[in-house]
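Thank you all for coming; I would like to walk through one model today, and I will keep to what can be computed from its atoms. Please have the sequence and the structure open while I talk.

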Amino acid sequence: FMHGSSDKHSLFFNSATTPPDSDPSQRRRVHSMLKHYYGLNEEGKVTEQAESLDPCDINGPHFDPEVYLNKLRMECSLGELMDHESCMVKQIRSLDSDMQTLVYENYNKFISATDTIRKMKNDFKKMEDEMDCLSANMAAITEFSAHISGTLQDQHAQITKLSGVHTLLRKLQFLFELPARLNKCLELQAYAQAVSAHRRARCVLQQYSHMPSFRGIQDDCHVIMEQLAQQLRQKFRDGGSSAKDLSECVELLLQLDEPAEELCDKFLSHAQSRFEADLQGLEAELKDSPVTDTDILEFIDRGCNEFVSSLCLVIASYQELFINQMANGKLHVFVDTLAARYFSLVERRIQEEKGVSDNSLLVRALDRFHRRLQAISKLLPGSAVPSQGTEIVVRAARERIKQYLSALQTFYHDSLTDVRQALAAPRGATSKDATPSLPELLTSLSNFILNQLKSVLASVHLFTAKDITFSNKPYFKGEFCSQGVREGLVVSFIKFICQSSRQYCESAGDRGGSTPPALLLLLSRLCLDYETSTISYILTLTDEQFLVQHHTPVTPVTALCAEAREAAQKLLNHYVKVQGLIISQMLRKSVETRDWVNTIEPRNVRAVMKRVVEDTTSIDVQVGLLYEEGVRKAHSSDSSKRTFSVYSSSRQQIRYAPSYTPSAPMDTNLLSNIHKLFSERIDIFSPVEFNKVSVLTGIIKISLKTFLECVRLRTFGRYGLQQIQVDCHYLQMYLWRFVSDENLVHFLLDEIVGSAAHRCLDPSPMEQSVIEVICERG
Amino acid sequence: FVNKLQYLARIDRARALTAQTAETDAIRFLVGTQSLKFDNQIHIIDFDDENNVINKSVLLHDAGEIWHISGSPADKAVLTTCYSKTSESRVLTCAAVWRMPPEWESGNHESPDDSSNNPQTLELLCHLDNTAHGSVACVLWEPMGDGKRVISLAENHVLLWDLQESSTKATISSSATLEGKGQLKFTAGKWSPHHNNTQLATANDTAIRGWDLRSMSQIYCIENAHGQLVRDLDFNPNKQYYLASCGDDCKVKFWDVRHINEPVKCLEEHSHWVWSVRYNHSHDQLLLTGSSDSRVILSNMVSISSEPFGHLVDDDELSDNEESQQEDKGKEPLQDSIIATYEEHEDSVYAVEWSAADPWLFASLSYDGRLVINRVPRALKYRILL
């Protein structure tokens with residue numbers, strides 16, 4: 001028991017010391033029990049000894065029945081012994097039966113095993129005989145072989161020696177022939193062969209240089225190779241050779257241990273000289289033909305074919321030859337400087353491209369230029385050259401937009417000059433259809449401008465065509481479309497139109513402006529048309545064509561429209577002002593120059609009044625050509641026949657009557673009329689609406705107000721007053737139809753006659769009937 | 001607080017208005033009437049600032065209708081008028097120096113609605129005889145002078161008069177004539193208060209000319225100063241080279257006479273001819289214009305005034321003041337702006353005038369005889385003062 005417990009103890013330790021991933025304790029126990037049985041306990045001898053020394057263990061190997069029996073007899077009572085005995089009998093019986101079962105079960109196996117063993121015994125006997133025979137044969141063979149090799153020993157050694165000598169001789173022959181061979185190569189300029197031959201011999205010669213004969217050969221070779229290197233350098237320096245030759249040359253020289261850096265420099269400087277020639281050729285082309293008889297495409301072609309392609313070649317061969325970092329740096333510098341010069345030439349050439357007639361040529365040239373530079377980017381990944389090239393293209397495109405804008409502006413000015421001339425052409429002299437009417441001029445002008453704009457847009461659109469390499473650059477996708485074309489070109493042009501229109505109002509202002517009024521009217525209508533439709537049309541067109549995605553804020557259509565409307569308004573106001581002033585001037589002169597005190601009795605309407613009416617009529621026609629009629633207030637039935645209250649003093653009293661003569665009799669109707677008039681204050685130079693009636697009202701207002709102010713500065717005799725009466729009646733007869741509110745004309749003419757009456761020394765007015773007769777007659 | 005007061009002249013037409021230049025206590029304006037039928041009068045309008053009442057006196061001016069009136073800077077009783085006289089079917093505008101009778105002030109204070117039964121008559125001191133030179137457009141007193149020198153502009157002549165023997169005798173001391181094509185005629189003029197009163201500016205047609213009174217020669221000429229007739233001009237009282245002009249192109253222009261090619265500034269606020277332009281006598285950013293669009297416009301021309309913004313502001317004064325915060329807000333740099341448009345008139349306004357006594361008060365006169373007295377808005381006044 002003690003043992004069992006200590007065993008368990010040790011088992012416990014075992015399991016504790018074994019890592020957790022080893023066998024589970026159950027298996028371990030079975031295992032150890034087996035080991036235990038077979039005496040393989042690794043726990044030490046103590047256990048083994050204890051085990052082996054226990055003679056009472058019925059299963060142990062040292063079991064001693066005598067001791068066991070004695071022990072039992074001593075320790076156990078009789079009952080126990082009986083029990084023990086019966087138990088023992090029972091165990092023995094079961095063991096017997098177990099053994100019997102095992103024997104029965106394995107009987108057949110035992111039989112067959114016995115058979116097999118017997119058979120094997122027979123076969124081995126046969127094999128033993130054959131083995132004996134074999135070993136005898138082998139002994140004979142060994143004997144023969146030893147004999148043969150003994151005979152051939154000498155010859156073999158000789159052959160080996162001979163073949164060694166042969167190789168050596170061939171090597172020597174090569175060495176001895178080397179100078180001659182090198183010379184021959186030199187003669188034939190087969191430098192590559194010479195160099196490879198020399199390279200093969202060089203080490204050997206170096207090794208045996210202490211022997212005089214080899215020394216000689218080495219020296220000879222040295223001389224020859226020196227010569228060869230010289231020749232190569234010469235060839236390198238001459239520069240007549242192509243890039244390919246050159247690179248070969250450099251390769252050989254490198255093999256001849258020339259310093260790489262020097263070669264780099266030489267290589268590049270040589271290449272430089274050839275590029276110099278290319279660039280000078282290009283420059284000469286620039287200089288020689290300021291008129292540029294070669295177009296830009298040819299120029300770029302030449303640049304690409306000569307310069308860019310040889311640059312690529314140089315880059316390629318250089319990169320093949322020199323691979324270290326230093327060389328790469330040199331190459332970058334070299335390429336950058338050359339490219340900078342090339343670019344400056346290209347830019348100069350692009351700048352000379354001022355004519356805007358054919359944009360496709362420029363675009364194609366730029367495309368080619370750009371495309372060819374892509375090769376460099378492939379060859380020389382880190383290079384800034386292609387991006388610089390792109391920048392040039394971008395600059396060219398920007399410049400182009402500016403040129404187009406100025407071309408458009410010039411075109412606009414030219415068109416206006418044409419219109420001006422058409423307007424200035426005498427109308428009566430030529431037949432009617434020779435000089436186009438205002439609406440025709442307007443349509444043709446607006447069509448001209450629109451077509452020109454469209455063609456410009458089409459030209460500019462080439463920059464973004466799909467097959468153009470640079471069209472997918474971010475600039476051409478975004479900024480070019482929105483900032484360049486939309487803002488820089490279209491919006492700027494529309495703004496320019498408005499701007500220049502406004503300038504017509506300012507420069508040609510009061511100081512005897514040279515702008516014909518008809519042109520003002522025409523431009524005003526043009527701007528108005530722009531406001532209503534053209535601007536949005538143009539911008540929509542642009543946006544569609546260029547698929548503008550606005551990353552940056554752009555001028556909204558409404559702002560442009562507002563600007564156009566403002567310009568239209570300004571122009572129309574100015575038109576009214578100019579026309580009003582022309583008529584005003586006539587009226588003013590006619591009032592200021594006449595001696596109104598000593599004038600004769602009026603017999604006619606003065607000619608100037610007829611002129612005023614005529615001019616107003618023609619203005620009416622002119623405006624009617626471009627602007628709609630507009631609304632006017634309803635006329636009274638007898639608009640043309642209206643009498644003026646000459647005694648305006650009475651009217652004045654009525655006007656101010658409420659202040660201090662409340663009892664004064666008054667014409668309530670007249671009073672209300674006057675009140676109505678005064679409730680709407682008349683602004684003389686006020687903005688007009690975009691219609692004929694409003695324009696005419698403005699002009700007539702200005703004219704009549706001038707008339708009034710001039711009359712107030714004069715003194716009249718009796719007939720002077722009567723003449724004014726006649727004149728005003730005449731104006732009344734004809735002017736009411738032009739204005740929106742005839743009361744306005746009534747009021748102003750009323751004021752004129754009233755003021756004249758007040759300024760009259762002898763205010764005795766003319767009979768209304770007489771006035772009417774005179775006016776009918778005149 | 002009444003911002004405006006109106007006075008309606010009894011006679012319905014008037015063009016001539018002046019402040020009584022020599023009067024520095026009472027706010028007083030003189031209005032000359034225009035009538036061919038009745039006797040013409042000079043209305044003396046007194047504005048009682050404390051009670052906001054207008055008092056009126058009338059003096060008879062029987063020589064003819066008055067086109068221009070101007071008060072002596074030295075003697076408040078002395079004035080000149082330009083009046084038209086018809087003789088033998090000829091109308092001629094003459095000029096004369098008058099004295100108001102001394103009793104007018106004592107005896108003739110009446111309410112406006114009480115008609116003056118026996119108006120006193122102006123006492124004629126002397127004629128500025130112009131029969132040789134044609135109609136007189138205006139008479140100008142020497143600014144801040146001793147009341148002994150006047151200039152009259154007659155047709156195309158500039159006549160400098162010396163008034164002697166208490167203004168009872170006038171002699172031409174020197175004259176100049178504008179020569180040129182066509183009928184030249186001065187429409188307006190102004191005696192410059194700068195340069196020791198040696199300069200004069202005149203307007204004829206579209207041109208403004210400057211004259212040196214010592215040599216009686218032209219010193220500058222702004223051709224085409226306005227698109228059309230120049231109606232009036234005025235010198236900036238504080239900036240010697242600056243003058244304002246107005247005309248039939250509805251514009252008011254400001255000139256630096258040293259650079260006459262372009263106006264310094266141009267206002268285009270009126271919708272008809274501008275007949276009168278006046279600088280405020282003390283604060284030259286305030287400018288008054290009257291136009292035949294029946295409007296009077298008060299503008300604040302800070303940018304070209306002699307009081308650039310902030311010039312008068314002392315920061316220390318403001319710092320301990322509670323109002324300084326508010327004040328600072330109001331002290332944002334002022335832009336040139338229209339302060340107010342006065343629309344009380346119903347007919348063309350031919351004359352506007354600042355009071356000689358109160359720099360914040362002005363009068364305007366329209367053709368229908370309506371005289372309106374207005375004040376500069378109080379807010380602006382304080383902003384200028386503080």
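How many residue pairs are in polar contact across the interface of chain B and chain A? Keeping in mind that this is a predicted model, the rule finds 10 such pairs, with both residues of each pair at pLDDT 80 or more. On the side of chain B that touches chain A, the residues divide by class into 11 nonpolar, 12 polar and 19 charged.

Let me stay with that interface for a moment. In terms of contacts, 42 residues of chain B meet 35 residues of chain A, and between them the two chains bury about 3400 Å², of which 47% is on carbon and sulfur atoms. The count of salt bridges between chain B and chain A is 4, and one that I would point out on the screen pairs Arg759(A) with Glu65(B), where the closest N and O atoms are 2.4 Å apart.

Turning to chain A by itself, we have 24 helices and 0 strands, and of its 778 residues 41% are buried. If we take the contacts in chain A with a separation of 6 or more, 80% of them come from residues 24 or more positions apart.

Two polar residues inside those helices deserve a look. Ser500(A) sits in helix α15, residues 474-507, and it counts as buried because its relative accessibility is 4%, which is under the 20% cut-off. A polar atom of the Ser500(A) side chain lies 3.1 Å from the backbone oxygen of Ile497(A), while the C-alpha atom of Ser500(A) is 9.2 Å from that of His413(A), a residue 87 positions away along the chain. Gln725(A), for its part, belongs to helix α22, residues 718-735, and is buried at a relative accessible area of 5%; its side chain reaches the backbone nitrogen of Met766(A) at 2.8 Å.

Now to the salt bridges, of which the structure holds 33 over all chains. Within helix α16 of chain A, residues 517-546, Asp529(A) and Arg525(A) are 4 residues apart, about one turn of the helix, and their side chains meet in a salt bridge at 3.2 Å, N to O. Is each partner buried or partly exposed? Asp529(A) is partly exposed, with a relative accessible area of 22%, whereas Arg525(A), at 12%, counts as buried.

In chain B, Asp75(B) and Arg99(B) form a salt bridge with their closest N and O atoms 3.2 Å apart. That pair links distant parts of the chain, since Asp75(B) is in the loop between β6 and β7 and Arg99(B) is in strand β8, with 24 residues separating them. Asp75(B) is partly exposed at 28% relative accessibility, and Arg99(B) is partly exposed at 23%.

A further pair in chain B is Asp256(B) with Arg258(B), whose closest N and O atoms are 2.9 Å apart; here Asp256(B) is buried at 5% relative accessibility, and Arg258(B) is partly exposed at 47%. Elsewhere, Arg588(A), Glu592(A), Arg231(B) and Asp248(B) are joined into one network by salt bridges that share partners.

I will finish with an annotation. An unreviewed UniProt entry lists residues 223-258 of chain B as "repeat: WD", and in the model that span is 0% helix and 47% strand, with its end C-alpha atoms 14 Å apart.

Methods:
Residues are numbered from 1 along each chain as its sequence is written. Chains are lettered from A and ligands numbered from 1 in the order in which they are written. This is a predicted model: local features need pLDDT of at least 70, side-chain atom pairs count only at pLDDT 80 or more; totals for chains, interfaces and linings use all residues. Side-chain values use heavy atoms; hydrogens and water are left out. Contact means heavy atoms within 4.5 Å. Buried area is the accessible area (1.4 Å probe) that two parts lose on being put together, summed over both. A polar contact is a pair of N or O atoms within 3.5 Å; within protein, one must be able to donate a hydrogen and the other to accept it, and residues adjacent in sequence count only if both atoms are side-chain atoms. Ala, Val, Leu, Ile, Met, Phe, Trp, Tyr, Cys and Pro count as nonpolar, Asp, Glu, Lys and Arg as charged, and the others, Gly among them, as polar. UniProt positions are given in the numbering used here, feature names are shortened, and annotations may be inferred rather than shown by experiment. Buried means under 20% relative accessible area, exposed over 50%, partly exposed in between (1.4 Å probe, protein chains only).
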